[in-house]
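Thanks for making time this morning. I will go through one model, sheets before side chains, and end with how far to trust it.

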Amino acid sequence: MSHVTDIKVLFSRLFSFKNGLSSVRFNKRHFSQDSDRARQVTPLPPLSEPVPNLPPIVYSSAKSEDALTEVTVLNNGLRVASEKKFGQFCTAGVVIDSGPRYEVAYPSGICHFLEKLSFGATHKFPTRDVMLRELERHGGICDCQGSRDTTVYATSADSRGLEAITQVLAEVTLRPQLSTDEVEAARQAVAFELETLSMRPEQETILMDMIHAAAYKGNTLGLPKICPVENVHKIDRGTIINYLKNHYTPDRMVVAAVGVEHGPFVEYVQKYFVDMKPMWNLEDNNLIKPNVDKSAAQYTGGIVQEECEIPLYPGSDLPELSHVVIGIESCSHSHPDFVATCVLNMMMGGGGSFSAGGPGKGMYTRLYTNVLNRYHWMFNATAYNHAYGDSGVFCVHAAAPPTRLHDTALLIARELSAMAGNVAAAELRRAKTQLQSMLLMNLEARPVVFEDVGRQVLATGKRKPPSYFINEIEKITADDIIRVATTMLTKRASVAARGKLTHLPTFEEIQANMSLNKSETSPQGRRLNLFRA
């Protein structure tokens with residue numbers, strides 16, 4: 001009993017000691033707070049209270065005119081487009097209806113040369129360095145890029161130097177010197193790039209040329225974007241000036257800018273693009289005759305293949321790969337089904353087998369879930385939709401070891417055929433949301449807005465706002481996807497292959513596997529062997 005009594009006494013003392021400490025801490029805290037109040041550090045009020053005597057806060061709000069694209073057509077037919085955008089810098093450039101598709105009457109590769117010759121010596125700027133120093137005075141950079149039907153010259157600089165960069169753009173597009181030394185330097189640059197392409201493991205640049213050559217055999221969009229080796233020494237100054245005279249004309253050009261005032265911009269364009277004449281009007285060019293190809297793209301379908309060894313990635317364990325691209329004709333960017341085709345492209349998605357990321361990187365798209373995640377020997381499966389003014393190509397690029405090329409080609413063909421099947425509500429919603437977010441995120445960048453303004457005005461004479469496309473994407477239904485896919489699958493296939501092609505199936509086999517009425521028991525519908533070496 002005495003032991004129990006001792007324990008009770010001990011607990012009672014501990015309890016009293018604890019209460020004592022609590023009271024001491026409590027009193028100490030109050031003492032500290034009282035001393036802080038007594039010793040005021042600053043006369044300013046605490047951050048927990050509003051600052052007195054301030055005027056009411058007025059929050060900014062978005063205005064419709066802030067995103068309004070203004071378009072002015074000058075007396076010679078040149079279109080000037082601009083859009084205001086917050087910030088000290090602006091992006092301005094020239095978008096021209098010019099590209100490899102118009103080289104029917106010329107040796108292919110002129111536009112490749114023009115990219116290398118861009119922002120060189122002009123009549124105003126005797127050397128490239130002088131012209132670049134003029135841009136650097138305003139913190140400017142410049143670039144020239146071309147697609148199959150468009151060439152873009154662009155600069156980004158301080159808005160206060162708008163007149164100077166407008167003059168630079170006019171000089172490089174309308175009054176380049178194109179001296180013998182410059183043309184020879186461009187020739188060497190093109191030859192070096194061709195040599196480099198053949199030594200790189202990445203094959204997209206070459207394959208995109210090949211799939212277009214298969215889809216539009218010998219016409220317009222099927223002409224090569226990369227200068228053929230045999231044409232490197234055929235293109236000279238006279239050929240280039242002839243091309244410029246016929247294609248760099250006011251009715252084929254749009255001068256666009258983002259982040260500038262429209263009125264002064266129009267005045268500068270009038271001064272440097274209209275009042276001052278192009279160099280081909282100043283020189284004696286009696287031999288130059290108008291020669292502009294106005295033919296529409298003729299989709300043919302077919303196969304283009306090249307047997308070769310694909311270089312390996314240095315320091316990588318990846319095996320040697322063979323590449324195949326299977327495509328079908330889609331619609332132009334002005335067609336009512338263009339938006340539905342873009343949603344279908346997002347739904348197919350795909351990428352490399354080692355692509356990192358979650359749903360935002362397309363990991364739930366069909367080419368991931370149905371192809372890359374199921375077949376370990378597939379190293380790449382990516383969908384592309386190339387849209388132009390009068391046609392388009394929807395294609396899938398796949399890469400696998402040469403021994404698996406037969407299964408790879410048939411697998412992609414069947415996945416294209418499955419586009420006309422059922423469309424789940426979840427995957428459609430995901431594709432639409434991903435396309436909308438991609439559109440809006442890209443338009444956060446000023447250079448992207450510039451290119452969008454220039455291309456739309458060049459194609460239609462006006463620019464549709466992003467909200468229009470967001471609403472059009474939202475309207476797309478599963479029936480629209482199935483209808484568009486079914487229409488595309490009625491066309492003849494286009495196939496491009498590069499690498500070791502011993503196991504590549506015939507064009508007829510690929511076409512049969514893309515047929516909408518193939519049966520599972522037919523030879524072309526046989527199942528793939530997942531574990532075959």
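**Two sheets and some rings**

I start with an open sheet of six strands, mixed in its pairing, in the order β1-β2-β6-β3-β5-β4. At its edges are β1, residues 69-73, and β4, residues 141-146; each has a single partner strand, so one side of each is left without a neighbour in the sheet. Ignoring direction, neighbouring strands here are turned against each other by 15° on average. At the β4 end, six bridges hold β4 to β5, residues 151-158, and that pairing is antiparallel. If you want a register point, Cys142 is opposite Thr155 in β5.

Before the other sheet, the overall picture. This is a predicted model. The protein has 533 residues, of which 47% count as buried. It contains 17 helices and 12 strands. Taking contacts with a separation of 6 or more, 80% are between residues 24 or more positions apart. The exposed surface is about 27500 Å², with carbon and sulfur atoms supplying 57% of that.

Now the other sheet. This open sheet of six strands is ordered β7-β12-β8-β11-β10-β9, also with mixed pairing. Its edge strands are β7, 302-307, and β9, 350-352, each pairing on one side only. From one strand to the next the twist averages 20°. Inside the sheet, β8, residues 322-330, and β11, residues 392-400, run antiparallel and are joined by nine bridges. Ser330 of that pairing stands opposite Gly392 in β11.

What lies across β8, β9, β10 and β11? That is helix α10, residues 338-348. The helix runs at about 170° to β10, which covers residues 380-387.

On to the aromatic rings. The count comes to six aromatic pairs. In one of them, Phe119 and Tyr153, the ring centres are 6.1 Å apart and the planes are at 55°, so the pair is tilted. This pair links distant parts of the chain: Phe119 is in the loop between α2, 110-117, and α3, 128-136, while Tyr153 is in strand β5, 34 residues apart. Both Phe119 and Tyr153 are buried. A further pair is Tyr216 with Tyr299, edge-to-face, with 5.7 Å centre to centre and 85° between the planes. Tyr216 is in the loop between α6, 204-215, and α7, 237-247, and Tyr299 is in the loop between α9, 279-282, and β7; the two are 83 residues apart.

How buried are these two tyrosines? Tyr216 has a relative accessible area of 0%. For Tyr299 the value is 18%, and Tyr299 counts as buried because the cut-off is under 20%.

Going back to Phe119 and Tyr153, ring pairs link them with Tyr248 into a cluster.

Last, confidence. The average pLDDT for the protein is 88, and 85% of the residues score at least 70. Which stretches fall under 50? One is residues 356-360, for which the model has six contacts beyond four places in sequence. Another is residues 529-533, also below 50, with 12 contacts in the model beyond near neighbours in sequence. Where pLDDT is low, the predicted coordinates should not be read in detail. I would apply that to the contacts of residues 356-360 and 529-533, where pLDDT is under 50.

That is all I have; I will take questions.

Methods
Residues are numbered from 1 along each chain as its sequence is written. Side-chain values use heavy atoms; hydrogens and water are left out. Helices (H or I, at least four residues) and strands (E, at least two) are DSSP runs, numbered from the N terminus. Buried means under 20% relative accessible area, exposed over 50%, partly exposed in between (1.4 Å probe, protein chains only). Contact means heavy atoms within 4.5 Å. Accessible areas come from the Shrake-Rupley method with a 1.4 Å probe; for residues, only the protein chains shown count as cover. Two strands pair if DSSP finds at least two bridges between them. Axes are lines fitted to C-alpha atoms, for helices over the stretch in contact, and angles run from 0 to 180 degrees between N-to-C directions. pLDDT is the predictor's confidence in each residue, from 0 to 100. Rings of Phe, Tyr and Trp (its six-membered ring) pair if their centres lie within 6.5 Å; planes under 30 degrees apart count as stacked, over 60 as edge-to-face and the rest as tilted.
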